[in-house]
Amino acid sequence: MATLFIWTGGLFAGLALVGAGYALTAAFLAGRFMRARNAIASAYPAVTILKPLHLGEPGLSENLESFFAQDYPGEVQIVFGVHDPADPAIAVVEALQVRYPHRDTMIVADGARHGSNAKVSNLINMLPSARHGILVLSDSDISVTPRWLRHVTDALAQPGVGLVTCLYTGEVVRGQTGIWSTLAAMGTSYDFLPNVMLGASLGLAEPCMGSTIALSRATLDEIGGFMAFADYLADDYEIGRAVRAKGHVLAIPAMGVGHTATESSAQELFQHELRWTRTIRTVNPLGHLGTIITFGFPIALISAVLLHFSWFSIVVVCITLAARLFLKRRIDGIFGTYAGSSWLLPARDLLSFAVFMTSLFGETVHWRGTRFSVEPSGALSQF
């Protein structure tokens, strides 16, 4: 039995060192990815930004204002959509409309449902009000820089490009920081973001993210419109896959936007991350399983236990932790962001590992207070 523990501990130590190498590789590729020069178009087309909303979440006013404050030479329309005319998000939008009277904006309040995905139903209801041929979708918890729309349309204008999406970092609401929202923001910046950049840099993934989805109305019609995605949980992923299937290229400009973390409890945080991790397992099972190599620090701790905290196992723990701290520092420096303190990173890594292990079992997810099962196709079925 002791020999089995030693062999198993050695195997875990080797896997942990692979994880450390992965973190260092991700740190290098992140810098290279963000050093790429963005394309510059000769003209700026008229754009409609679609913003589906649901309730007055923390930080909503600041997030939405970043879209009102765009430095863009072309014509911009912003359409906000809610299902309930009494949704408190409406008051937030109306206050911004008063502050930015020159902006072409409107609110669509329509309770019609077209499938299991409420956000896509919202988009379907909003689309008839869009006046322009270029559509840019963005989730309500996203904040952007003043030149975001310039970079997005520049990328979309390049030959062969059918869709533009954007990387995003985790942020907490100013003045409302809590441990759970901080851990959520750290997961976005130091787990999700480097994994996406590494996958995109090595050609292992072509992600499409709800932070930004820019495409022409003609491309949207070509893939069946929003109705084709009304029953999918990972609607952003499915839209990207449909665009690629039509032979178009997905582009990611060398920039980042912010994703506001609002989780206020351990249960909310765990359910949110489990929902997306199980969705990834459904749509990309091999990729999901491969993420085991990203958990170098937790695996090193398991190795240390199996090896009775030998000097070798402790060295492996230190190496994996140092690699993760280096990756965090690189992400913070490259994107000019800060999601959480370094001392919280070990806890964040242990939480990520717990979510991953839980995601290996079960098919149910919680979304907006409703329990769904995720079908093998990625479609939602409500309980």
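1. Cavities first. This is a predicted model, and a search of the whole structure turns up two cavities of 30 Å³ or more. The largest cavity comes out at about 60 Å³ in volume.

2. What lines that largest cavity? Its walls are made by Pro 52, Lys 119, Leu 123, Leu 137, Ser 138, Asp 139, Gly 210, Ile 213, Asp 235 and Ile 239. Sorted by class, that is five nonpolar, two polar and three charged residues. Among the charged ones are Lys 119 and Asp 235. Two helices, α4 and α8 (235–245), each put at least two residues into the lining.

3. Now have a look at α4 itself, which runs over residues 118–126. How many of its residues are buried? Nine of nine, so this helix is mostly covered by the definition used here, under 20% relative accessible area. The buried set includes Lys 119 and Leu 123, both of which also turn up in the lining of the largest cavity. Lys 119 has a part at the start of the helix too: a side-chain oxygen of Asn 117 comes to within 3.0 Å of the Lys 119 backbone nitrogen.

4. Last, a residue in another helix: Asn 63 belongs to α2 (residues 60–68). Why does Asn 63 count as buried? Because its relative accessibility is 4%, and the cut-off for buried is under 20%. Setting aside neighbours within four places in sequence, Asn 63 is in contact with Ser 140, Asp 141, Ile 142, Ser 143 and Thr 260.

How values were computed:
Residues are numbered from 1 along each chain as its sequence is written. This is a predicted model: local features need pLDDT of at least 70, side-chain atom pairs count only at pLDDT 80 or more; totals for chains, interfaces and linings use all residues. Side-chain values use heavy atoms; hydrogens and water are left out. Buried means under 20% relative accessible area, exposed over 50%, partly exposed in between (1.4 Å probe, protein chains only). Helices (H or I, at least four residues) and strands (E, at least two) are DSSP runs, numbered from the N terminus. A polar contact is a pair of N or O atoms within 3.5 Å; within protein, one must be able to donate a hydrogen and the other to accept it, and residues adjacent in sequence count only if both atoms are side-chain atoms. On a 1 Å grid over the protein atoms alone, a cavity is a set of points where a 1.4 Å probe fits but cannot get out, and a pocket is an open set with protein on both sides within 12 Å along at least five of seven lines; lining residues have an atom within 4 Å of a point. Grid points are joined across faces, edges and corners, and a volume is the space filled by probe spheres set on the points. Contact means heavy atoms within 4.5 Å.
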